[in-house]
Amino acid sequence: MSSHREAPEISKDPVADSTDVYAFVSPDRPGTVTLIANYIPLQGPAGGPNFYEFGDDVLYEIHVDNDGDGQPDITYQFRFRTQLRDRDTFLYNTGPILSLDSPNWNSRQFYSLTRIRHGHTQTLAQDLACPPCNIGPLSTPDYAQLAHEAVHHLPGGITVFAGQRAEGFYVDLGSIFDLANLRPFQTLHNQFGMHVFSHNAPGVNATAAVNVHSIAIQVPISALVEQNPVLGVWTSASRQRVQVFDAALGTNLWSGPFHQVSRLGNPLFNEVLVPLGRKDEWNMQPPSDDKQFASYVAHPELAGLLPVLYPGVFPNLAKLVAAGTARADLEAILLTGIPSGIVPGFQNFTGPVLADMLRLNTTIAPSKKPNQLGLIGGDPAGFPNGRRVFDDVVTIELRAIAGVTFPLVNKSFKPDAAAGVVTDGLTAASVPSGYLSQFPYLGVPYSGYNTP
Amino acid sequence: MSTQSHIDPPVDPSADPASAQEQRMSRRSVLRGAAVGAGAIGLATVAGITPALASPRPASRTAAGKAGTPAAASAASADPIVVYLRDAASGELEVFAGNTQVRLHDPAMAARLTRAVR
């Protein structure tokens, strides 16, 4: 997955588990940037009566670096507060929820938004309402309208939303985690000699019917860009250091300073590149310290596995791996941004500091005809120039690791034919909810009734 | 940061064996209810804390000023105090309250805490 349950510790703490980050110039408001951080992975839409909600005890943050040091220049903090109207019912709602202040809605969440800019803290808003979860036609009969009411417009041209959304990330988890047996190419897989598959098959979107919780903020570009037009973006979640279960109160008490337990910049970074023994450590580090993880980018384990799992399919990649050649292409894409002169007319370079961040060149206008393969599909408005909600990051990163981007740094290298076509077999059309053309861009969440 | 803490007369678990028994934990566990500082906040105060205090709401324009630190007051007088005896042998303690943490070096206190749970 992009970063769903990607590390041992955070997989046990879904409320603080970041799953995806998006950063893009808003297609319908090109003077603004939209930043989205998703949390609480793989929500079964029918998961009541305690439907999913943000953690009141978690500090959620979206960070923006504008001087290339891998440290935040601007941070948006989100803190949540749950309010229970009636403690004497087991029900999430006691009738249809027709508005955000509906008396029928029992368990509501509110949040504050704080901005930290160069050490100056300012609360931008308090007591902003979240929408409920999408329960079904009797409980949330006009969910789209409810969610629309939860889009808040703040002074300074800021728009913000926090609440449930349909999962927009698509991936064939079943095949990838079954020893990278990509269904469209499974007859080429070595199958460990078991000869299980005699036909190729289309991909299956494992996240086709699950929801996430999104924190989304839209900000004027002028409020973020101070020097370089390229923004580095990532999210983090932090918890206080001490948790004590007070049996007398029947609740957890938290104490002490906050400590980062989850972070996410580029999709699949911790998931696919960082080894199991260091994933928890990675989650606790800031991007500015990512030099210590750079070897996993320069020599990705998956690049060595592909030629073994698919014998004869990736001979040139196999030679590259055997030679021990550092993958400067992946380092540029994931850790520094792509300098000018590599891809004609494009750069999202932030400097020499190795830091896992989404890097968005805000001077590149939204594409009128987006290609979900982003830059490798000839569309510089997409990943790895930031990331749009519909970008096919699984295929892009599979192909990059397979060698399709190595000629950017070594023109004598000829990628294998398979590197340009390898995919898990999914596209943005594999997402049943589709996407919205306006903020918050991720689709209406799947309802529990219709998606049991 | 102090290298030697100033401690009010400690809560003596031996005066209440039942209470000590209930709180039996391993040496490296988080120890709750130790009286530290002038307030000598004990278990009775902790029991009065509401869940809302475990997730303080941010206040406007507080001094946090950096990522990873919420815009909230540091430690209110009603916050529970949690003491973590990190290393009984050296007397290294970490004391938590609100959003704050201090590290103390107090072998005598460490010895009392250790006796209390053994």
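This is a guided tour of one protein chain, from the whole fold to a few chosen residues.

**Before selecting anything**

The model is predicted: local features need pLDDT of at least 70, side-chain atom pairs count only at pLDDT 80 or more, and totals for chains, interfaces and linings use all residues. Residues are numbered from 1 along each chain as its sequence is written, chains are lettered from A and ligands numbered from 1 in the order in which they are written, and side-chain values use heavy atoms, with hydrogens and water left out.

**The whole chain**

Begin by selecting chain A as a cartoon. Nine helices and 12 strands make up its secondary structure; helices (H or I, at least four residues) and strands (E, at least two) are DSSP runs, numbered from the N terminus. Along the principal axes, the C-alpha atoms of chain A fill a box of roughly 70 × 55 × 45 Å. The radius of gyration of chain A is 22 Å, which agrees with the value near 22 Å for a compact globule of 452 residues. That radius is taken over C-alpha atoms, and the globule rule is 2.2 Å times the number of residues to the power 0.38.

Next, display the surface. About 16900 Å² of chain A is accessible, and 57% of this belongs to carbon and sulfur atoms; the areas come from the Shrake-Rupley method with a 1.4 Å probe, and for residues only the protein chains shown count as cover. Of the 452 residues, 58% count as buried. Buried means under 20% relative accessible area, exposed over 50%, and partly exposed in between (1.4 Å probe, protein chains only).

**A:Asp379 and its surroundings**

Now select A:Asp379, in the loop between β12 (358-361) and α9 (393-404). A:Asp379 counts as buried because its relative accessibility is 3%. Show its side chain together with A:Arg388: the two side chains make a polar contact at 2.7 Å. A polar contact is a pair of N or O atoms within 3.5 Å; within protein, one must be able to donate a hydrogen and the other to accept it, and residues adjacent in sequence count only if both atoms are side-chain atoms. Then add A:Ala381, whose backbone nitrogen lies 3.0 Å from a polar atom of the A:Asp379 side chain. Leaving aside residues up to four places away in sequence, A:Asp379 touches several others, including A:Ser367, A:Lys369 and A:Asn371; contact means heavy atoms within 4.5 Å.

**A:Ile97**

Move to A:Ile97, in the loop between β4 (74-84) and β5 (107-117). With 1% relative accessibility, A:Ile97 counts as buried. Select A:Pro141 as well: the C-alpha atoms of this residue and A:Ile97 are separated by 7.5 Å, with the two positions 44 residues apart along the chain. Among the residues that A:Ile97 touches are A:Trp105, A:Pro132 and A:Leu146.

**Backbone features**

Most residues other than glycine have a negative phi, and most peptide bonds are trans. The last stops depart from this pattern.

- Select A:Gly48 and A:Pro49, joined by a cis peptide bond with omega about 0 degrees; A:Pro49 is in the loop between β2 (32-43) and β3 (58-65).
- Select A:Phe439 and A:Pro440, joined by a cis peptide bond with omega about 5 degrees; A:Pro440 is in the segment after α9.
- Select A:Arg5, in the segment before β1 (18-25). Its phi is near 55 degrees, a positive value, and at 47% relative accessibility A:Arg5 counts as partly exposed.
- Select A:His195, in the loop between α2 (173-176) and β9 (211-220). Its phi is near 50 degrees, also positive, and at 70% relative accessibility A:His195 counts as exposed.
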